[in-house]
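Colleague: Before I use the words buried, contact and core in my own notes, I would like to hear how each of them is earned. Could you take me through the reasoning, one term at a time?

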Amino acid sequence: MSFNISINTCYRYSLILASIFFLCNCSESKKNKTNEHKELASVGSKPNDIIPFFQHWNLILGDGANAGQATKYEDESFFYTESDDKGDWVVFKTPNAGNTHGTSNNTRTELAQLKKWSPLTLAKMNATLKVMNVAATGDARVAATYSVVVGQIHSADGHENEPLKIFYKKFPGHKRGSVFWNYEINTAGDDNAKRWDYSHPIWGYDFSVVGPDENTYPPEPDDGIELGEEFSYEVEVKEGIMYLKFTSEGHETKTFTKNLITSEYSKRADMPEQVKRLFVPIGQDGVERENAYAEEGLFFKLGSYNQTNGKDPKVNKVWCSGAETHNGDLNKQYADGNYAEVWFKSAKIEISDDAISNAGYFKANDGLSNKIVYPHEVIPFMDKFKILLGDGTKADDLTKFQHDDFFYTVIDGTRRWVVYKTPNSGVTSKNSSNTRTELHEKREWVPEEGGRLTGTCKVMQVSVSGDARVAASYSVVVGQIHSGEGHENEPLKIFYKKFPGHTKGSVFWNYEINTAGDDNSGRWDYSTAVWGYDMSVIGKSKNDEPAEPSDGIELGEEFSYVVNVYEGIMYLTFKSEGHATRTFTKNLIKSEYVNKSDIPDQVEKLFVPIGQDGIERAIAYSGELGYFKQGAYNQTNGKSLEKNKVWCAGAETFGGDIAKQYENGCYAEVWFREATVGPGIPPQTNKN
């Protein structure tokens, strides 16, 4: 009897254990790989147990932290182990947005070598991996979208550029993706903003194959690599030459060589057609040092360096993806596929005994993404200006000054810029209806004495709301001369304007008369087109827009201006790559508008119907103290056009709520990368 009880008990226990085993397996099989974490490859295993080489690296995580040497380290969000029927793997995972490392726009969970080596010595890295996920969102026109870098050579010196990046990229509608490698030039000179990559296809496409619009993809590559499909790379650098080998079962083995110490791109004529098509339109058209990466210390990187980010494509149409980031919420990004995940099965490096410490690179880059870089560190003339911000805040000392909502610095993928941002409605100066985040020169000067202001900028946003019949709608002033005496009028305003339905906008400049007599209500502007239209081109109804200007400037497209006032004459020069250079002169001390008969037809059309039909003092602005202004002076406001059909835009202001205005595109934003101010100079020496 006791024997039967024992058998029955064992049987019941067996059923229970079998049920538990079955349920656990069912539960495990239903787990999605985007869940917060999976079981380790084996009990107590760490990444270094699978690939025992982590003593040679620092590990940078997807939150920007430097975890150091990961010999006994794992992180359930970024760096851990997994197991499948092919074996054990080390997982590198990183979101579309979070804190990053150095000056990059992109997050990474990536190893960076502790030592750097000369390209003239021997260095090897090989790895076997599979990409498990690339971002599910982004702009198909942006080359970097939907891609991840799985291996690199990085320079620790000079511009810190990258002679090798190995990419995997897959468009959302495709089953197969592409593997390609890029070479980034080591730009000649001190300015690295014109650097570019040249891309080589391995399986599938190269980097330059993009979609014709945001959500349309090119055809799927015939010889591509699927997510979860294993491939290997071998990198060897010897005596200045880089040798690459790529293998994957069922695919052709590919090999490449590249000279790292003698450039093939040292002249403009050497620039490949691919680069002319992809990078030149965004102003990245540099040449390389003749000796390329010779004399620089290089080091390997390996892991998951996500190339998809949430930055607006108008910032940089090659590197800024416009992807979903859920405002940096890690769990939400992981939940809906907005991350990159790469599994490595094996990896190995070998370097020369002559390699030296790479500590300088980590000292320079650790925590850099969290470091405040003030506007005066980018454009060092800030001591010559004070500022009025979009909420009415004033500041006289701009050294070590910034404001997160209005005045700060950003990196666009190539260089750092000063941002001026201001809403449609806020608090402004006593004589204006419009908000501004704008510099105000401390020095004042008369036109006979003169002054000179330069700026290289790109307009990133103008208000999307307004009235197309109102000349000031959808525009921002990016530079001014302002009088500080008399009527306090403006002999110069440099505008950018773009109608909401257009891709290209207009750049024009206005001269405001210094009205004769004590009554300034009859003042008016005369507008001169630079590229696109002048101010007088408007719509016939609130939402009617004129034809798009054929020679206009897009949002995010760089242009520069020089304002030089010398002995009473204003000399203007405007430049933008791909556009004709424009020059103008205007006498500031002798008027051409002293009689009613002098009023131009443009003014008769635009200003006279609203009663602004004054004439100017014969001596114009002679003897009046004035000053320069630069930044973002938003010309779109919420005032009813019944008050003034030229300047009152009737735009959305959300009751002055700045956050809501920013969320809904009801603001102006201008970026400057270079600017100077000083005395006027003779026009024959007026050079950019």
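**How the terms are earned**

Modeller: Let me begin with H159, which, once its neighbours within four places in sequence are left aside, is in contact with N186, T187, G189, D190, D191 and N192. The model is a predicted one, and H159 sits in the loop between strand 7 (147–155) and strand 8 (164–169).

Colleague: What makes the side chain of H159 and the backbone oxygen of T187 a polar contact?

Modeller: The side chain of H159 reaches the backbone oxygen of T187 at 3.0 Å, and the cut-off for such a pair of N or O atoms is 3.5 Å, so the pair qualifies. The backbone oxygen of G189 likewise lies 3.0 Å from a polar atom of the H159 side chain. In the same region, the C-alpha atoms of H159 and A188 are 9.7 Å apart in space, with their positions 29 residues apart in sequence.

Colleague: Why is H159 called partly exposed?

Modeller: Its relative accessibility is 23%, and because buried means under 20% and exposed means over 50%, H159 falls in between and counts as partly exposed.

Colleague: What makes N424 buried or exposed?

Modeller: N424 has a relative accessible area of 1%, and since buried means under 20%, N424 is therefore buried. This residue lies in the loop between strand 21 (416–423) and strand 22 (436–441). Its side chain makes a polar contact of 3.0 Å with the side chain of N634, and the side chain of N424 also reaches the backbone oxygen of E652 at 3.2 Å.

Colleague: How do you know whether D139, in the loop between strand 6 (123–133) and strand 7, is buried or exposed?

Modeller: The relative accessible area of D139 is 3%, which is under the 20% limit, so D139 is buried. Apart from residues within four places in sequence, D139 is in contact with T145, Y146, E214, P313 and S321. The C-alpha atoms of D139 and E558, 419 residues apart along the chain, are separated by 21 Å.

Colleague: R673 carries a charged side chain by your counting; why is R673 called buried or exposed?

Modeller: The label follows from the area: R673 has a relative accessible area of 14%, and because the limit for buried is under 20%, R673 is buried. R673 is found in strand 33 (residues 667–678), and, not counting residues up to four places away in sequence, R673 touches V378, I379, R415, R416, W417, T456 and E558. A polar contact of 3.1 Å joins its side chain to that of E674. The C-alpha atoms of R673 and V235, by comparison, are separated by 37 Å, with their positions 438 residues apart along the chain.

Colleague: What is notable about phi at H326 and A620?

Modeller: H326 has a positive phi of about 50° although it is not a glycine, and phi of A620 is near 50°, again a positive value in a residue other than glycine. Most residues other than glycine have a negative phi.

Colleague: Where do H326 and A620 lie, and why is each one given its accessibility label?

Modeller: H326 lies in the loop between strand 15 (298–306) and helix 4 (330–335); its accessibility of 23% is between the limits of 20% and 50%, so H326 counts as partly exposed. A620 lies in the loop between helix 7 (601–606) and strand 32 (626–634); with 0% relative accessibility, under the limit of 20%, A620 therefore counts as buried.

Colleague: Which residues have the most contacts inside the largest nonpolar core?

Modeller: That core has 73 residues, and those with the most contacts inside it are W509 and V563. Strand 33 supplies the largest share of this core, 6 residues. Another core, of 70 residues, lies apart from it and includes V149, W181, V275 and A292. As for V563, its contacts beyond four places in sequence include G451, L453, I481, M570 and F628.

Colleague: How much of the chain is buried, and what secondary structure does the chain have?

Modeller: Buried residues make up 55% of the 688 residues in the chain, and the secondary structure comes to 8 helices and 33 strands.

Technical notes. Residues are numbered from 1 along each chain as its sequence is written. This is a predicted model: local features need pLDDT of at least 70, side-chain atom pairs count only at pLDDT 80 or more; totals for chains, interfaces and linings use all residues. Side-chain values use heavy atoms; hydrogens and water are left out. Helices (H or I, at least four residues) and strands (E, at least two) are DSSP runs, numbered from the N terminus. Buried means under 20% relative accessible area, exposed over 50%, partly exposed in between (1.4 Å probe, protein chains only). Contact means heavy atoms within 4.5 Å. A polar contact is a pair of N or O atoms within 3.5 Å; within protein, one must be able to donate a hydrogen and the other to accept it, and residues adjacent in sequence count only if both atoms are side-chain atoms. A nonpolar core is a set of buried Ala, Val, Leu, Ile, Met, Phe, Trp, Tyr and Cys residues joined through side-chain atoms within 4.5 Å.
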